[in-house]
Every structure is written in structure tokens, then in C-alpha cells.
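Here is a short set of questions and answers for a first-year student. Look at the chain before reading on.

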Amino acid sequence: MDEVAAGLRRGPRAYAAFIGIGLLAGLLSGLFGVGGGTVIVPLLVLLLQFDQRIAAGTSLAAIVPTASVGVISYAISGSVAWIPALILAAGAVVGAQIGTRLLPRISQTALRWGFVGFLVLVIITLFVVIPSRDATFDLTLLTGLALVGVGLGTGVLAGLIGVGGGVIVVPVLMLAFGTSDLVAKGTSLLMMIPTAVSGTIGNLRTRNVDLPAAAFIGVSACTTTALGAWIATLIDPTVGNILFAAYLVVIAVQMALKAVRGRRKG
């Protein structure tokens, strides 16, 4: 079985799949300020029979160039809160280490259902709260401490259930901090870069990353990330919230299915 899976990861069909996955992930990354892992990981597993851990590691490596292009695209329009992003990243890096250590001790099924509940709450709130695009992020001692907490929580969840930071950070910045949707997305992408680099270094040590696949996906994603970011500036904030809510519904369904399967195995 391993030999069959390894064969599927190479050849014209595999490289065509890498490019297609990258194009889609890049568009969603730029449009929603997410890493694209919620697209990359399941497609690598379903289409090319990647091992779940290698798919996650490959996705994380591909996020580095993708998020970098996204940050540049948002920075051009001034939609990146640089210091808050670095504070979030610092918290996330620490939180990820905590999450990976807690992993053997906590019920994955309970965590997944809890995260589905969080997403449902966010989806409902997105239809009620529409942050102004003129809103600015005021960094104070209180908001700085809150950002550390958000970063820690994001990192812990990333380590426990492999959830990308953007899925949590973007709605939290919009709904809890009153940040505009564009600044939330640009800041989220910047936060991901050091987090993804740190995770990729760890995955390289444990050989949980397919570098050629990550390179093809990452380079392909870079070609559509700027397009997604440009589209985000054109659409109305209300429409943006609706599209983001639809994206979160897809993620919630994925997580619920994993929780159901995990319960059956248990």
C-alpha cells in the first residue's frame, strides 16, 4: 500500500494535481486570509493517498510562500497590522508546542465537536456584525495581552487538531477587536509565516513533509494569492462575510465528519 501511495505522489497526474490544488488554495488564501491547509490536506489525502501527517507537513511548507505573497498584496493597500501580527505569531509558536504535548492526553473527538460549536457561533455572528473598513487597530497594553492569549489559543488548537490560524484569527480580529475584514486577513497571513516556518523545520526533522509537492503547490498558489487578495478589496464587506461564513461551513462539516469517524473508532 505504501508503494502504491508513493507512486501516486509522482508522475504527470500527481504534478497536475499539485498545481490544481495550489491554484485553489492560493485563491482562498488571498480571499479569506487563511493558509489554505483546509483545502490542501484533504485533497492530498483523497486524490493522491498522502499519509495524513505528511499531507499536513507538506501543506504547512506550501503555506510559507503563499502567505508571503498574500502579505505583500494586503500590505500594498495598508491592510496589515504588523506589530499585532508578530505578537500573535509569538503566542502561536508557543501555543503549538503546548498543543502537541497535550495531544496524547485530550479527547480529539471532544475537541473537534467543541471547535465545530465555535465555528457555528462565528458563522452566526458574521451575519450580525459587519466591521467597518475604516476601522483601525489600536494597540494598547490590554489589547496586546489579549493578542498573546489569542495567539496561544490558536497555536494550541493548531497543535491539537491541525486547524490553521487564519480560521480562528480572522473572525476573532473582526468580531472581538473590531478590525476591518481586510486588516484581519492581512494580519492573519503575516502571523502564519513564522509559525509555518517553525512547523516546517520540525517536520523536516521528522521527515513529515514532501518538499517537491510543497514546492509545486506553493509556487502555484503564489500565482492566485494576489488575485484573491485583490478580489477581497473589491467585494462589499457584507458579501465578504457571507463568503467567509460559507467557507467556515465547509470546514465545520469536515471537522464534524472527523469527529464522527473518531467516535466510531473509539
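The turns below go through some helices and one loop residue.

This is a predicted model, with local features needing pLDDT of at least 70 and side-chain atom pairs counting only at pLDDT 80 or more, while totals for chains, interfaces and linings use all residues. Residues are numbered from 1 along each chain as its sequence is written, and side-chain values use heavy atoms, with hydrogens and water left out.

Reader: At roughly what angle do the axes of helix α4 and helix α9 cross?
Author: Helices are DSSP runs (H or I, at least four residues), numbered from the N terminus. Axes are lines fitted to C-alpha atoms over the stretch in contact, and angles run from 0 to 180 degrees between N-to-C directions. The axes of α4 (residues 52-76) and α9 (residues 181-205) come within 8 Å and cross at roughly 145 degrees.

Reader: On which residue is the kink in α10 centred?
Author: A bend is the angle between axes fitted to the seven residues ending at a residue and the seven starting there. In α10 the kink is about 35 degrees, and its centre is Cys222.

Reader: Which helices are included in what covers the buried residues of α10?
Author: Buried means under 20% relative accessible area, exposed over 50%, partly exposed in between (1.4 Å probe, protein chains only). Buried residues of α10 include Ala213, Ile217 and Ala221. Their cover includes α2 (12-32), α3 (37-48), α4 and α9.

Reader: Why does Gly11 count as partly exposed?
Author: Gly11 sits in the loop between α1 (2-8) and α2. Gly11 counts as partly exposed because its relative accessibility is 25%.

Reader: How far apart in space are Gly11 and Leu211?
Author: In sequence, Gly11 and Leu211 are 200 residues apart. In space, C-alpha to C-alpha, they are apart by 15 Å.

Note on methods:
Helices (H or I, at least four residues) and strands (E, at least two) are DSSP runs, numbered from the N terminus. Contact means heavy atoms within 4.5 Å.
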